[in-house]
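User: Can you walk me through this one? I'd like to start with the strands and then go to the empty space.

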Amino acid sequence: MEIRCFASLLLLLSLSFSDFGRAVSSLDTDLGTARVVFQTAYGDIEFGFFPHVAPKTVKHIFKLVQLGCYNTNHFFRVDKGFVAQVADVVGGRTSPMNEEQRLEAEKTVVGEFSSVKHVRGILSMGRYSDPDSASSSFSILLGDAPHLDGQYAIFGRVTKGDDTLRKLEELPTRREGIFVMPTERITIFSTYYYDTRVENCEWEKETLKRRLSESLIEVERQRMKCLP
């Protein structure tokens, strides 16, 4: 009897931990752990990076975010169903940059083109005709654009804020040449970043504590049932 009870307890514990493992493994593994949030009058837009797809681009853009370079910048282009494009921070901001910000903002990155597709929510670098001229301007895809595939460097995707993007798509626009632009400035008031590992660790710790507590309660039940 004691052996059977002990075996059932081991099975219970193994099932608890396997469930926990499945929950952890279901987390998004396509993105890195860093998240960036752009705050606008229409809501927040959060995105993550593809460091394995475009490591140099990711490093550069994240550095710009860390330095606060996108604060007071704006979306100069909103073409419904196509792209919402962030302006180059050199010239796009309303507040002046310090020397450290300017040095990073004036850098360009090599064109890290990949097989990742341009679909809604993807982040894709802007550039001139030179494939290695990308700097700080980038587009958020508002629809599928297969004609851009392999031509522009994809470095991340939106993780939260599609409702904000849909609000931007409904704003009045005007056409200037090839660009469809909002009639009023869409300012990125502020930005911040965080690492999901911190949140995940807290979630994992709380889940583990709860499952251990449940298991210990069941162990005590089995002990009282099976042992004298």
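Analyst: Here is a short tour of strand β1, helix α2, the largest pocket and the largest cavity. Keep in mind that the model is predicted.

User: Is strand β1 buried or exposed?

Analyst: Strand β1 covers residues 34-40, and 6 of its 7 residues are buried, so the rest of the structure largely encloses it.

User: Which strands does β1 pair with?

Analyst: β11 and β2. With β11 (residues 190-195), β1 runs antiparallel through 6 bridges. With β2 (residues 43-49), β1 is also antiparallel, again with 6 bridges.

User: Which residue in β11 is the bridge partner of Arg-35?

Analyst: Tyr-194. On the β2 side, Thr-40 has Gly-43 as its bridge partner.

User: How many residues are in the hairpin that joins β1 to β2?

Analyst: The hairpin link has 2 residues.

User: Switching to helices. How far does α2 reach from its first C-alpha to its last?

Analyst: 16 Å, close to the 16 Å expected at 1.5 Å a residue. Helix α2 spans residues 55-66, which is 12 residues.

User: Which residues of α2 are buried?

Analyst: Thr-57, Val-58, His-60, Ile-61, Phe-62, Leu-64 and Val-65.

User: And what do those buried residues pack against?

Analyst: Six elements come up here: β1, β2, α4 (99-105), β5, β7 (154-160) and β11. So β1 comes back into the picture, as a packing partner of α2.

User: What follows α2?

Analyst: Gly-68 follows α2, with a positive phi near 80°.

User: Now pockets. What is the volume of the largest one?

Analyst: About 450 Å³. Its lining has 20 residues, and the closest to the centre are Arg-77, Gln-85, Gly-126, Arg-127 and Ser-137.

User: Which elements give two or more residues to that lining?

Analyst: β3 (73-79), β4 (83-86), β5 (122-125) and β6 (138-141).

User: How does the pocket lining split by class?

Analyst: It has 10 nonpolar, 7 polar and 3 charged residues.

User: How many cavities of 30 Å³ or more does a search find?

Analyst: The whole-structure search gives 1. The largest cavity holds about 40 Å³ of space.

User: Which residues line the largest cavity?

Analyst: Thr-57, Val-109, Val-110, Gly-111, Phe-113, Met-125, Arg-127, Pro-131, Ala-134 and Ala-153. By class, that lining is 7 nonpolar, 2 polar and 1 charged. Two names return here. Thr-57 is also among the buried residues of α2, and Arg-127 is also one of the residues closest to the centre of the largest pocket.

Conventions
Residues numbered from 1 in each chain as written. Predicted model: local features only at pLDDT ≥ 70, side-chain atom pairs only at ≥ 80, totals over all residues. Heavy atoms only, no water. Buried < 20%, exposed > 50% of the residue type's maximum accessible area, 1.4 Å probe, protein only. Helix = DSSP H or I, 4+ residues; strand = E, 2+ residues; numbered from the N terminus. Pairing = 2+ DSSP bridges. 1 Å grid on protein atoms, 1.4 Å probe; cavity = no way out; pocket = protein on both sides within 12 Å on 5 of 7 lines; lining within 4 Å. Points joined across faces, edges and corners; volume = space filled by probe spheres on them. Nonpolar A, V, L, I, M, F, W, Y, C, P; charged D, E, K, R; others polar. Expected span 1.5 Å × (residues − 1). Contact = heavy atoms within 4.5 Å.
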